[in-house]
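Here's a walk through one binding region and the strands beside it. Have the sequence and the 3D view open while you read.

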Amino acid sequence: MEKIIVRGGRQLKGSVKVEGAKNAVLPVIAASIVASKGKSVIHNVPALADVFTINEVLRSMGAEVAFDNGAITVDATKEMTTEAPFEYVRKMRASVLVLGPLLARFGHAKVALPGGCAIGSRPIDQHLKGFEAMGASVQVGNGFVELRTEGRLQGAKIYLDVPSVGATENIITAAALAEGTTILENCAKEPEIVDLANYLNKMGAKIVGAGTETIRIEGVEELTGAEHTMIADRIEAGTFMVAAAITQGDVLIEGIEIEHVRAVVSKMEEMGVIIKEEANGIRVIGPEKLTAIDVKTLPHPGFPTDMQSQMMALMLCAEGTSIITETVFENRFMHVEEFRRMNAKIKIEGRSVIMEGPTDLQGAEVAATDLRAGAALILAGLIADGYTRVTELKHLDRGYVNFHGKLEALGADIERVNDEVFEEAAAAMEETTTY
Ligand SMILES: CC(=O)N[C@H]1[C@@H](OP(=O)(O)OP(=O)(O)OC[C@H]2O[C@@H](n3ccc(=O)[nH]c3=O)[C@H](O)[C@@H]2O)O[C@H](CO)[C@@H](O)[C@@H]1O
Ligand SMILES: C=C(OP(=O)(O)O)C(=O)O
């Protein structure tokens, strides 16, 4: 079994470069299907398991996808099928982001229903509401959702009941090829939405208002592949900000725009962390003592749910009572049980977690319950007494490139090992050794 083993006690120092944003690149790759002419070239793409999965989804439907040296080239101009099988959706929910592009370009899309996951039930009703408003028929059955439209989708006025990131992405991509104008209200305002709109506009779309709660899309007849460079990953950046703070370290996080991590900066400053904006990134200096605070996750520009578990690791080290309230997903506290194994005094009350600190964190064998939980447990391991062994690394690999290697370069005592490889090597040695 693969594990990351970390021994606590090292202060992190130096600089780390942030990758392209996972949650921006997945919708951009999915949206590249809308181009009936030309290739798209996407730069600053992180080599993540999720990126490999979305590439496979596109290839399975007939697109040509090449990933070389941080750049992806997509050619979706050849014949394509319009179905994404369960094997991919099961691996990665973001596979549902092909629904909008397929429907708008080919008039048909069939994708396995994503189902729930470790952080909540995650329905797609708002995506479907948007497609229906644009004239699509929606059929749900046998574990699939199937969408059809006779002729082009029609522009519509759509109000989202919740500002869903995925629904906003699916709907603006579909509306880019619809006939007439679409006005999407109460939509998500995340930086990843702005990045997607910028990419679509380079392809010839007419989208205004991305980053605000109302987006207006004038549909066009055809879109052409375009060149685009992905924004930096604000969640990876936030994760390294916690790594610096929790170890009383001093780390420059390169390539991130402070505007994209404003909520995380504010809450960490409240805890006493020193944060300086520098020419090429953000410098984070951890204090000797952290102050207890309360955090509530919210849609952007609120505190991101994808930073909740990493922030929990930091808050466990603060003096006094801290509370985290999770309002975005109904069940994103699976990591609490793992933190308890590390000696955290922590309880769940409804949608809140209450912690008494500072915790005398102790190394333990723990499992990553989702990708951010995996990162959070490693962060806690950086200051825990003794060795922390984190398993279920498949989750971590969905969202972090070489996480242990980057921490090691900052001075952490950390390694990634594969027990099976060790066991096989040990067995082989025994076989070949003569006494
Ligand atoms: C690949 C990607 O970008 N993933 C991010 C995206 O996920 P994702 O796009 O799946 O998240 P959403 O913004 O859609 O979900 C937010 C909330 O809305 C609810 N909802 C969503 C859609 C819908 O049709 N009906 C509905 O009720 C969800 O159950 C959840 O409670 O945004 C989340 C919220 O910032 C992040 O945690 C994920 O990392
Ligand atoms: C929850 C996340 O991603 P996904 O929506 O792909 O599961 C995340 O990035 O933290």
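Domain 1 (2-18 + 232-421) and domain 2 (22-229) each supply residues to the shell around ligand 2, so ligand 2 lies between the two domains. Keep in mind that this is a predicted model.

**Around the ligand**

Which residues surround ligand 2? The list runs Asn23, Arg93, Ala94, Ile119, Asp306, Leu371, Arg372 and Gly399. Sorted by class, that shell comes out as three nonpolar, two polar and three charged residues.

One of those shell residues, Asn23, also turns up in UniProt: an unreviewed entry puts a "binding site" annotation on Lys22 and Asn23. Lys22 sits in helix α1 (residues 22-31), and Asn23 belongs to helix α1 too. Buried or exposed, what is Lys22? Lys22 is buried, because 25 other C-beta atoms lie within 10 Å. Asn23 has 23 C-beta neighbours inside 10 Å, so Asn23 counts as buried as well.

If you skip the neighbours within four places in sequence, Lys22 is in contact with Pro46, Leu48, Asp50, Asp233 and Gly399. Gly399 is also one of the residues around ligand 2.

**The annotated cysteine**

Cys117 is the other spot with a record attached. The unreviewed UniProt entry lists Cys117 under "modified residue: 2-(S-cysteinyl)pyruvic acid O-phosphothioketal". In the model, Cys117 lies in the loop between β8 (108-112) and α5 (125-133). Why does Cys117 count as partly exposed? Cys117 has 14 C-beta neighbours inside 10 Å, and partly exposed means falling between the 12 or fewer of an exposed residue and the 20 or more of a buried one.

Leaving out residues up to four places away in sequence, Cys117 touches Arg93 and Arg122. Arg93 is part of the shell around ligand 2, so to speak a shared name on both lists.

**The strands next door**

The loop that holds Cys117 follows on from β8, and β8 has strand partners on record here. Strand β7 (residues 83-84) and β8 run parallel, joined by two bridges. β8 and β10 run antiparallel, with five bridges between them. Strand β9 (residues 137-141) also pairs with β10 in the antiparallel sense, over five bridges.

Here's who stands opposite whom:

| Residue | Opposite residue |
|---|---|
| Glu83 | Lys110 in β8 |
| Ala109 | Leu147 in β10 |
| Ala112 | Phe144 in β10 |
| Gln139 | Glu146 in β10 |

The side chains along β8 alternate: Ala109 and Val111 point to one face and are buried, whereas His108, Lys110 and Ala112 point to the other and are not. Strand β10 (residues 144-148) alternates too, with Val145 and Leu147 buried on one face, and Phe144, Glu146 and Arg148 pointing to the other and not buried. Put that next to the table and you'll see Ala109, buried in β8, standing opposite Leu147, which is buried in β10. At Ala112, which is not buried, the residue opposite is Phe144, and Phe144 is not buried.

One last detail is at the turn. The hairpin of β9 and β10 has two residues between the strands, and Asn142 there takes a positive phi near 50°.

Note on methods:
Residues are numbered from 1 along each chain as its sequence is written. Chains are lettered from A and ligands numbered from 1 in the order in which they are written. This is a predicted model: local features need pLDDT of at least 70, side-chain atom pairs count only at pLDDT 80 or more; totals for chains, interfaces and linings use all residues. A residue is near a molecule or strand if its C-beta atom, placed from the backbone, lies within 6 Å of it. Ala, Val, Leu, Ile, Met, Phe, Trp, Tyr, Cys and Pro count as nonpolar, Asp, Glu, Lys and Arg as charged, and the others, Gly among them, as polar. Domain bounds come from an automatic or database domain assignment. UniProt positions are given in the numbering used here, feature names are shortened, and annotations may be inferred rather than shown by experiment. Helices (H or I, at least four residues) and strands (E, at least two) are DSSP runs, numbered from the N terminus. Two residues are in contact if their C-beta atoms, placed from the backbone, lie within 7 Å. Two strands pair if DSSP finds at least two bridges between them.
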